[in-house]
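Here are a few notes to help you find your way around this model. Keep the structure open while you read, and hop from point to point as you like.

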Amino acid sequence: MTDGSLPRIVADTPLDEVVLELLDGRVEIVPWSVALEGSDSSVTGLYTYGHLPVDGPMMDRLPGLKVISNYGVGVDHIHLPDARERNIPVGNTPGILNGATADMAFTLLLAAGRRLVEGDRYARGPEFTHYDPGYILGREIHGSVLGIIGMGRIGTQVAQRAQGFEMRVLYHNRTRRPDIEAELGVQYAEFETLLAESDYVVLMVPLTDETRGLIDAAALAKMKPTATLVNIARGPVVDTQALYEALRDGVIYAAGLDVTDPEPLPRDHPLLGLENVTIAPHLGSATIETRQKMAEMSVANLMAGLAGDELLNRIEGP
Ligand code: NAP
């Protein structure tokens, strides 16, 4: 700013401490409500942190907008065609969270398959008075078949981790990936074949019009009754009611969920009462190290956009 005042940005609050430190003295933070009501042409940046929707009408209420920067890789809450139409660059934080998110996918897979959380509850409870070789038996992980739906940046790292567990890995994408097949020995499978043959199905697709409700009652019915579903992509990729019924009725064995639809689930939602679901409050990238990198990259994207420079990571499609 030539007059010495700081650029004004609308931000989804509360902001992470690291983000706040990085923004300190560089921007003036305006609450999200400004973007929801009225119009403010002095705002030049939008910093999105959670999943609050950003669409064309919101962009039009902020006619001075030069950049939208998202803390995270998934941008299903931002209407990208509207941003492109208005020539507003959108930045995100791909790559740097692959390892942490793949670790969490595997954490959920292991915990759900081996009933770890159920075991934890039992081990702390009054009923645990002696060891019993017959209780809380889970399913094998090593040597089983892993199906990854969405073999992109994070999916590839999930496949790498599966090698240590001697798993056979199937994957499904819209585009076949011969490079990853050669490198990791994974096999391409049609969607329904993957569902039918996998002991663990990990969802790693972005949320789009095509993937919304991808795992519905029909898809769940194609899975093995001994199979576990892990959703670390986005909640709406799975039909929540269909998943609840499948878990309740033994159509599938278990689920590990990092994301849900809605998120969070209402506190009295019946899914939360099932033993065979292991659930995390969207912790995919939640490590101290990765969150630091996400903060740095998202703030760098924001500052570049405010200065009229190229973003470090600008989303091109869809
Ligand atoms: P990515 O590199 O773009 O990979 C996504 C993969 O999904 C691609 O291989 C893509 O291949 C495939 N895909 C897209 N649409 C598909 C469809 N309709 N059917 C089948 N496959 C499809 O993205 P990423 O960085 O790995 O991240 C993936 C998603 O994970 C993000 O969009 C985000 O929503 C989620 N995520 C969640 C967390 C968390 O905290 N839980 C953290 C990070 C990311 P094709 O284009 O060939 O189909």
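**Notes on charges and contacts**

1. Let's start with Asp40, which is buried, with a relative accessible area of 14%. You'll find Asp40 in the loop between α2 (33–36) and β3 (43–48). Its side chain makes a polar contact of 2.8 Å with the side chain of Arg8. Those two are also part of something wider: Arg8, Glu28 and Asp40 are linked in a network of salt bridges. One thing to keep in mind throughout is that this is a predicted model.

2. How many salt bridges are there by the rule used here? The count comes to 16, where a salt bridge asks for a side-chain nitrogen of Lys or Arg within 4 Å of a carboxyl oxygen of Asp or Glu. The next three points each take one of these pairs.

3. Have a look at Arg234 and Asp76, which form a salt bridge with their closest N and O atoms 2.9 Å apart. This pair links distant parts of the chain, as the two residues are 158 positions apart. Arg234 is in the loop between β10 (228–231) and α11 (240–248), while Asp76 is in the loop between β4 (67–70) and α4 (80–85). Are the two partners buried or exposed? Arg234 counts as buried because its relative accessible area, 15%, is under the 20% cut-off. Asp76 has 31% relative accessibility, so it counts as partly exposed.

4. Glu85 and Arg86 make another salt bridge, with the closest N and O atoms 3.7 Å apart. Glu85 counts as exposed because its relative accessibility is 64%, and the cut-off for that word is over 50%. Arg86, at a relative accessible area of 28%, is partly exposed.

5. Then there's the salt bridge between Lys224 and Asp199, where the closest N and O atoms are 2.9 Å apart. Here too the pair links distant parts of the chain, with the two positions 25 residues apart in the numbering. Lys224 is in the loop between α10 (217–222) and β10, and Asp199 is in the loop between α9 and β9. Lys224 is partly exposed at 26% relative accessible area, whereas Asp199 counts as buried at 16%.

6. Which residue is worth a look in the loop between α9 (191–197) and β9 (200–203)? Try Ser198, which is placed there. Ser198 is buried, and its relative accessible area is 0%. A polar atom of the Ser198 side chain lies 2.7 Å from the backbone oxygen of Leu194. On the backbone nitrogen side, Gly147 has that atom 3.4 Å from a polar atom of the Ser198 side chain.

7. Now for the surface. Asp239, Glu245, Asp261 and Glu263 gather there in a patch of negative charge. One of them, Glu263, is in the loop between β11 (254–257) and β12 (277–279). Glu263 has a relative accessible area of 36%, so it counts as partly exposed. That fits the patch rule because members need over 30% relative accessible area and no salt bridge.

8. Last stop: Asp60, which lies in helix α3 (residues 56–61). Asp60 is partly exposed, at 45% relative accessibility. How far apart are Asp60 and Asn313? They are 253 residues apart in sequence and 23 Å apart in space, going from C-alpha to C-alpha.

Terms used
Residues numbered from 1 in each chain as written. Predicted model: local features only at pLDDT ≥ 70, side-chain atom pairs only at ≥ 80, totals over all residues. Heavy atoms only, no water. Patch = residues over 30% accessible without salt bridge, like charges linked within 9 Å, V, L, I, M, F, W, Y side chains within 5 Å. Areas by Shrake-Rupley, 256 points an atom, 1.4 Å probe, with all protein chains shown as cover. Lys, Arg positive; Asp, Glu negative; His and termini not counted. Charge placed at Lys NZ, Arg CZ, Asp CG, Glu CD. Helix = DSSP H or I, 4+ residues; strand = E, 2+ residues; numbered from the N terminus. Buried < 20%, exposed > 50% of the residue type's maximum accessible area, 1.4 Å probe, protein only. Polar contact = N/O pair within 3.5 Å; in protein donor to acceptor, adjacent residues only side chain to side chain.
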